[in-house]
Amino acid sequence: QVQLVESGGGLVQAGGSLRLSCAASGRTFTMAWFRQAPGKEREFVSAITWSGGSTRYADSVKGRFTISRDNAKNTVYLQMNSLKPEDTAVYYCAAGLVVGNSHMAGVYDYWGQGTQVTVSS
């Protein structure tokens with residue numbers, strides 16, 4: 001069983017930046033970030049493979065968010081720049097042995113509790 005703990009959320013003005021971290025209790029494989037805004041379904045944000053050699057982004061965050069990982073620390077990061085009010089959501093970290101379809105929530109085995117990101121206009 002792998003436990004995931006997110007941190008780094010908070011309140012920021014539009015145009016600002018935040019860096020989210022997700023620490024895993026053990027080795028993980030593909031890791032991803034999803035988010036869920038009030039009244040909306042959980043949506044894919046970004047994913048990264050074990051080697052870090054392959055990354056994937058939702059169109060809505062391309063060019064603004066960057067995912068990275070430090071396997072020595074079992075930690076994945078999400079650098080979020082040029083934040084917009086529509087980025088406001090609870091951000092969840094996910095991990096699993098994923099082959100393809102890394103944008104689909106159902107393929108991940110482990111989830112964190114989430115961290116709130118609020119972007120004010």
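Which residue lies over the face of W111? Let me begin there, and let me say at once that what we are looking at is a predicted model, so please take every distance and angle I quote as a value computed from that model.

The residue is R42, which lies over the face of W111 at 4.8 Å from the ring centre. R42 also lies over the face of Y92, and there the distance to the ring centre is 3.8 Å.

That brings me to the aromatic rings. Searching the whole structure gives 4 aromatic pairs. One of them is formed by F34 and F44, whose ring centres are 5.6 Å apart and whose planes stand at 75°, so this pair is edge-to-face. It joins distant parts of the chain, since F34 belongs to strand β4 and F44 to strand β5, which covers residues 43–48, and the two are 10 residues apart. Both F34 and F44 are buried. Another pair, again edge-to-face, is made by Y108 and W111, with 6.3 Å from centre to centre and 75° between the planes. Here the two partners fall into separate accessibility classes: Y108, at 5% relative accessibility, counts as buried, whereas W111, with a relative accessible area of 27%, is partly exposed. If you follow the ring pairs through the model, they link F34, F44, Y108 and W111 into a cluster, and W111 is the ring in that cluster that I mentioned at the start, with R42 over its face.

Now to the charged side chains, where I would like to start with E6. Which side chain of opposite charge is nearest to E6, and how far away is it? It is R42 once more, at 7.6 Å, and E6, although buried, has no salt bridge. The cut-off for a salt bridge is 4 Å, so a separation of that kind does not qualify. What the side chain of E6 does reach is backbone: a polar atom of this side chain lies 2.8 Å from the backbone nitrogen of C93, and the backbone nitrogen of G114 is reached at 2.9 Å. E6 itself sits in strand β1, residues 4–7, and its contacts beyond the immediate sequence neighbours include S21, C22, W33, Y91 and Y92, along with C93 and G114.

As for the salt bridges that are present, the count comes to 4. R35 takes part in a salt bridge with E43, at 2.6 Å from N to O, and in another with D87, at 2.9 Å from N to O. The R35 and D87 pair links distant parts of the chain, with R35 in strand β4 and D87 in the loop between β8 and β9, 52 residues apart. Are these three residues buried or exposed? R35 is buried, with a relative accessible area of 6%, and D87 is buried too, at 1%, while E43 is partly exposed at 35%. Together with R64, these residues make up a network of salt bridges, namely R35, E43, R64 and D87. By contrast, K62 and D59 are both exposed, and they form a salt bridge in which the closest N and O atoms are 3.2 Å apart.

I would next like to turn to a loop residue, T28, which is found between β3, residues 18–24, and β4, residues 30–36. T28 is buried, with a relative accessible area of 3%. Its side chain makes a polar contact of 3.2 Å with the side chain of R69, and R69 is one of the residues that T28 touches, the others being V2, L4, W50 and A95, if we leave out residues up to four places away in sequence. For W50, the separation is 22 residues in sequence and 7.3 Å in space, from C-alpha to C-alpha.

Finally, a word on the backbone. Most residues other than glycine have a negative phi, and there are two residues here that I would ask you to look at with that in mind. N74, in the loop between β7, residues 65–70, and β8, residues 75–80, has a positive phi near 50°, and it is partly exposed at 22% relative accessibility. S82, in the loop between β8 and β9, residues 89–96, likewise has a positive phi, of about 50°, and S82 is partly exposed, with a relative accessible area of 41%.

Notes:
Residues numbered from 1 in each chain as written. Predicted model: local features only at pLDDT ≥ 70, side-chain atom pairs only at ≥ 80, totals over all residues. Heavy atoms only, no water. Helix = DSSP H or I, 4+ residues; strand = E, 2+ residues; numbered from the N terminus. Buried < 20%, exposed > 50% of the residue type's maximum accessible area, 1.4 Å probe, protein only. Contact = heavy atoms within 4.5 Å. Polar contact = N/O pair within 3.5 Å; in protein donor to acceptor, adjacent residues only side chain to side chain. Lys, Arg positive; Asp, Glu negative; His and termini not counted. Phe/Tyr/Trp six-rings, centres within 6.5 Å; stacked < 30°, edge-to-face > 60°. Lys NZ or Arg CZ within 6 Å of the ring centre and 35° of its normal.
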